[in-house]
Amino acid sequence: MSFLGLNHSVWAAEIKRRIDAQRRRRQAALVAAQRRREAAAAAKKRREATAAAAKKRREAAAAARRRREAAGTPTPSPAPTPTPTPVASPTATAAPVVAVPMPSAEPAPSPTPAPIVEGGHPHEFESQVDFSSNQLDLQNPVTEFFQTPDRLEVLSVFKRDLSFDDGAVFEMWSFESATSGRGFPGPLLRPTEGEIFHAQVTPSMGPHTVHWHGMEPDPRNDGVGHTSFEIGGTYTYQWQAEPGRPGDPNYGAAGTYFYHCHVNTTLHVQMGMLGPLVIDPVVHPDYPVSPGARRVFVDGPEYDIDTEALLMPYSVDPRWHTLSHAAGLSGEDVGLNRFEPTHFYPMGGELAHRPDAEKKVWIMSSLRANVAGGERKPTLLRVLNGNYLPIYLEFTEEDGTTVDMAEVVSHDGRAFRDTSVPGQFSPTCADAGYPLTTDCLAFGAAERYDLLLRPPRAGKFLLRVEWRDWITSEILSTRSIPVIAS
Ligand SMILES: [Cu+2]
């Protein structure tokens with residue numbers, strides 16, 4: 001008897017060899033797991049000892065300071081901490097086209113930084129590692145090097161049941177601004193390049209953080225709970241988006257981003273703690289903007305402000321929406337490795353016409369797009385993958401025939417340019433003669449793309465959104481959004 005060309009006794013010996021090998025591997029894995037557990041326990045002990053030592057050092061330093069002060073020894077008096085004035089006014093949320101005056105056709109210079117002012121308190125941490133390891137939950141951290149902001153947002157956190165457009169109701173946690181109301185996704189934040197941006201965050205039901213995904217400020221202001229502090233009271237995040245320079249791929253931050261909480265991140269983001277962040281470009285004299293239009297980046301294409309839209313595919317695993325703030329953080333298994341969504345939503349709509357957030361959820365039911373070659377500038381669609389599944393988009397006729405009508409102009413805040421001649425002016429791909437036009441787009445969690453829509457004629461098209469399984473690519477859900485071209 002033979003099986004796959006082997007006779008029976010050889011095959012039986014082979015099976016025994018494989019079973020033995022499997023048993024040895026399993027045994028080795030068990031031993032390795034035990035060693036890992038022991039090492040983790042030892043590391044935890046070391047961390048606790050380090051934290052206790054750091055706390056003692058801080059207490060000793062504070063006691064010494066008090067003694068010095070009591071003895072009247074002159075100590076350098078700390079500068080008073082500037083208090084930010086909340087600007088809960090339209091200037092904080094409206095996004096005017098800001099024409100930044102430029103003295104010449106030279107590349108846009110960064111604004112002259114104001115003199116550095118220390119935060120008004122002694123440095124308590126010996127190194128970045130010390131800082132990262134030993135201040136996990138601070139109630140009211142101090143903003144170091146505090147500057148006067150050009151734009152200030154005031155954010156807090158809410159929890160409420162929200163009903164979606166299929167009638168499903170979920171407990172959601174998200175951000176609200178001074179003027180936004182309590183809806184989902186969080187309010188649009190929209191600074192311009194070069195502005196000093198402040199977000200004064202007071203998260204109720206904390207601790208939480210705000211991470212500025214893709215902006216890369218310094219660690220204190222990056223809002224990653226694991227490498228800096230978590231906020232229980234109030235903290236003012238501070239950063240400045242870098243101004244772009246025409247033809248230079250190495251400068252500029254204009255584009256589509258998002259912000260999200262970075263505490264127990266997997267859960268908190270799914271619960272709704274995210275919102276869109278758009279950085280608008282500075283206006284360069286060589287690249288003025290037409291009335292009613294903006295540029296995607298400093299020398300990028302102009303688009304129509306009125307029809308500019310956001311599409312943020314999102315999905316819900318209802319089981320996750322019954323979990324508590326710190327579920328899974330103490331080593332218990334609450335199943336955050338299993339994301340099994342059953343509800344799928346194309347969040348978003350026209351940015352200039354978002355309904356009152358108290359109308360709860362903001363879901364794209366249709367999309368207006370300006371016909372290619374018409375008088376109006378093209379429509380810009382900003383896409384942001386706000387869930388954990390890969391997304392596939394397709395533009396089609398009503399009968400399903402695909403239509404090349406989306407020009408991809410930038411990705412994750414970076415312009416697509418022709419950089420084939422290093423050191424020379426790098427035009428956009430369209431200006432270099434090869435616009436990146438497509439009928440489809442595939443993108444993963446947290447990715448952003450900026451698409452200029454160029455429907456070939458007036459009429460109705462479809463934008464199909466597919467949520468796919470991240471391993472098998474099986475289509476889990478589909479939504480078709482009418483695209484009305486005029
Ligand atoms: Cu959070």
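Let's start at phenylalanine 145, which sits in the loop between β3 (137-138) and β4 (151-163). Keep in mind that what you are looking at is a predicted model. In it, phenylalanine 145 has a phi near 55°, a positive value in a residue other than glycine. That catches the eye because most residues other than glycine have a negative phi. Is phenylalanine 145 buried or exposed? It falls in between: 15 other C-beta atoms lie within 10 Å, so phenylalanine 145 counts as partly exposed.

Strand β4, at the far end of that loop, belongs to an open sheet of 4 strands, and you can trace them in the order β5-β4-β6-β9. The pairing in this sheet is mixed. At the edges you'll find β5 and β9 (235-240), each of which pairs on one side only. On average, neighbouring strands here are turned by 25° against each other, if you ignore direction. Have a look at β6 and β9 in particular: they run antiparallel and are joined by 6 bridges. One pair to pick out is phenylalanine 197 with tryptophan 239, its bridge partner in β9.

Now for the loops around β6, where two prolines deserve a stop. Coming from β5 (169-177) towards β6 (196-202), the loop between them holds proline 185. The peptide bond that leads into proline 185 from phenylalanine 184 is cis, with omega near -5°. On the other side of β6, the loop that runs to β7 (211-213) holds proline 207. There the bond from glycine 206 to proline 207 is cis too, with omega near 0°. Both are worth a glance because most peptide bonds are trans.

Further along the chain, glycine 328 lies in the loop between β14 (309-316) and β15 (343-350). Which residues does glycine 328 touch, once you leave out those up to four places away in sequence? They are Asn264, Leu267, Val334 and Leu336. Asparagine 264 is 64 residues away along the chain, yet its C-alpha atom and that of glycine 328 are separated by 8.2 Å. Glycine 328 is partly exposed, since 16 other C-beta atoms lie within 10 Å.

Next comes another open sheet, this one built from 5 strands in the order β16-β25-β24-β18-β22, again with mixed pairing. Its edge strands are β16 (367-369) and β22 (440-443), and each pairs on one side only. Neighbouring strands in this sheet are turned by 20° against each other on average, direction ignored. At one edge, β16 runs parallel to β25 (residues 475-485), and 3 bridges join the two. Follow leucine 367 across and you land on valine 483, its bridge partner in β25.

The loop between β24 (459-468) and β25 contains serine 473. Like the phenylalanine we began with, serine 473 has a positive phi, here about 65°, although it is not a glycine. How exposed is serine 473? It has 12 C-beta neighbours inside 10 Å, so it counts as exposed.

For a change of scene, turn to strand β23 (residues 448-453). Here 6 of the 6 residues are buried, so the strand is largely enclosed by the rest of the structure. In a regular strand the side chains alternate between the two faces of the sheet. You can see how that plays out here: Arg448, Asp450 and Leu452 point one way from β23, while Tyr449, Leu451 and Leu453 point the other way, and all are buried. What pairs with β23? Strand β17 (residues 379-384) does so in the antiparallel sense over 6 bridges, and leucine 380 has leucine 452 as its bridge partner in β23. Strand β19 (residues 406-411) is antiparallel to β23 as well, over 5 bridges, with serine 410 partnered by aspartate 450.

Finally, a word on confidence. The mean pLDDT of the chain is 84, and 80% of its residues reach 70 or more. Over residues 1-7 the pLDDT is below 50, and that stretch has 6 contacts in the model beyond near neighbours in sequence. Residues 73-122 also have a pLDDT below 50, with 72 contacts in the model beyond near neighbours in sequence.

How values were computed
Residues numbered from 1 in each chain as written. Pairing = 2+ DSSP bridges. Axes fitted to C-alpha atoms, helices over the stretch in contact; angles between N-to-C directions. Buried ≥ 20, exposed ≤ 12 C-beta atoms within 10 Å, placed from the backbone. pLDDT = per-residue confidence, 0-100. Contact = placed C-beta atoms within 7 Å.
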